[in-house]
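Visitor: Could you take me through one helix of this model and what sits around it? I'd like a close look, in plain talk.

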Amino acid sequence: MKHTSLLFVSGLLLTAAAGCASNDEPGKNEPEGPTVVQAPEFPNGTGQPASAMDEVGYPAETGFAIGSVIPNFKFIGYANYKHPEAGNQLQQVTLSDFYNPTGDGVFPDGSIYGAGLAKPKALVVLISSVWCGPCNQEAAQVLPVEYPTYKPMGGHFISVMIDGPTPGDPAKIQHITNWANSYLSSWAANDGTVYSLVMDPAEKVMPMYEPAFPSNLIVRTSDMRIMYRHTGVAQPGGVFWQTFEGVLDGSITDPAQQL
């Protein structure tokens, strides 16, 4: 795959800095299934058009830079692994699901995100891989604390798994299922939800990845603009979470602004 060499370089850098090359990541010894489930097909270009069912069309003129509208990516995975009926079933997760231009949108009846729950004011989009040690650290130690903290404030997280246990090999269903069992089974926010965990074997989200895993982005849902990007584990109390809180409470309105 075209990004394999980049992943190995990133892996070496992360190994030196944070022990990326671990032999016991979730999915490392998971038996390979016979079928690779691909992400939905994409039209020419990057991202997906807004669904015809959307009441308000997804913003146009998308891009990848800070300040751009993030493309309306469509993924496959677990929207809310703790959903009492559909949690362990694969669903399509599309960024337009979270578009909230008025700031007071709610998920409809039957929503896999929780019927009647408020739509988020901001998203954290995490780009990760199973083989990446710092990604495992973030999933084990950081996200179970930060998600329950920021969900009541209007935040939501989407963890996008690119690779499985081997750099360059796309994540498969058994990999994200094992990841969910390892990192989403023992906790939940006060409303009973956990963050969304998806895979992107079509690699449409790869332009957002730079220069190493994990890559963490903050997206404001009123206009779906990329407000901030951080490479590496988003440490508790650091600038990334301070910026996320500022986007949530409205004290940060400029993508170039940081706390």
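Guide: Sure, with one caveat up front: this is a predicted model. What covers the buried residues of helix H3 includes strand S1 (74-78), helix H2, strand S4 (155-161) and strand S5 (196-199). Let's make H2 the part to zoom in on, and come back to H3 along the way.

H2 covers residues 133-150, which makes 18 residues. At 1.5 Å a residue, that run should span 26 Å, and the end C-alpha atoms sit 24 Å apart, so the expected and modelled spans agree. The helix does have a bend, though: about 50° at Val142, with a proline, Pro144, following within four residues.

Now for what's tucked away. Val142 and Pro144 are both buried. From the start of H2, the buried set also takes in Gly133, Pro134, Cys135 and Asn136, then Glu138 and Ala139. Further along come Leu143, Glu146, Tyr147 and Tyr150. Over in H3 (residues 173-183), the buried residues are Gln174, His175, Ile176, Asn178, Trp179, Ala180 and Tyr183.

H2 also matters if you're hunting for voids. There are 2 cavities of 30 Å³ or more. The second largest has a volume of about 40 Å³, and its lining is made of Leu126, Ser128, Cys135, Glu138, Ala139, Leu143, Ser159 and Trp179. Two elements give two or more residues to that lining, namely strand S3 (122-128) and H2. H2 gives the most, with 4 residues. By character, the lining splits into 5 nonpolar, 2 polar and 1 charged. Trp179, one of the buried residues of H3, is part of this lining too.

The largest cavity comes to about 60 Å³. Tyr147, one of the buried residues of H2, helps line that largest cavity. The rest of the lining is Ala79, Asn80, Phe98, Phe107, Tyr113, Ala118, Pro120, Lys151, His156, Thr193 and Val194. Sorted by type, the lining has 8 nonpolar residues, 3 polar and 1 charged.

One last stop, on the way into H3: Pro170 lies in the loop between S4 and H3. Its relative accessibility is 26%, and buried would need under 20% while exposed starts over 50%, so Pro170 counts as partly exposed. Pro170 and Val130 are 40 residues apart in sequence, yet their C-alpha atoms are 9.7 Å apart in space.

How values were computed: Residues numbered from 1 in each chain as written. Predicted model: local features only at pLDDT ≥ 70, side-chain atom pairs only at ≥ 80, totals over all residues. Heavy atoms only, no water. Expected span 1.5 Å × (residues − 1). Bend = angle between axes of the 7 residues up to and from the residue. Buried < 20%, exposed > 50% of the residue type's maximum accessible area, 1.4 Å probe, protein only. Contact = heavy atoms within 4.5 Å. 1 Å grid on protein atoms, 1.4 Å probe; cavity = no way out; pocket = protein on both sides within 12 Å on 5 of 7 lines; lining within 4 Å. Points joined across faces, edges and corners; volume = space filled by probe spheres on them. Nonpolar A, V, L, I, M, F, W, Y, C, P; charged D, E, K, R; others polar.
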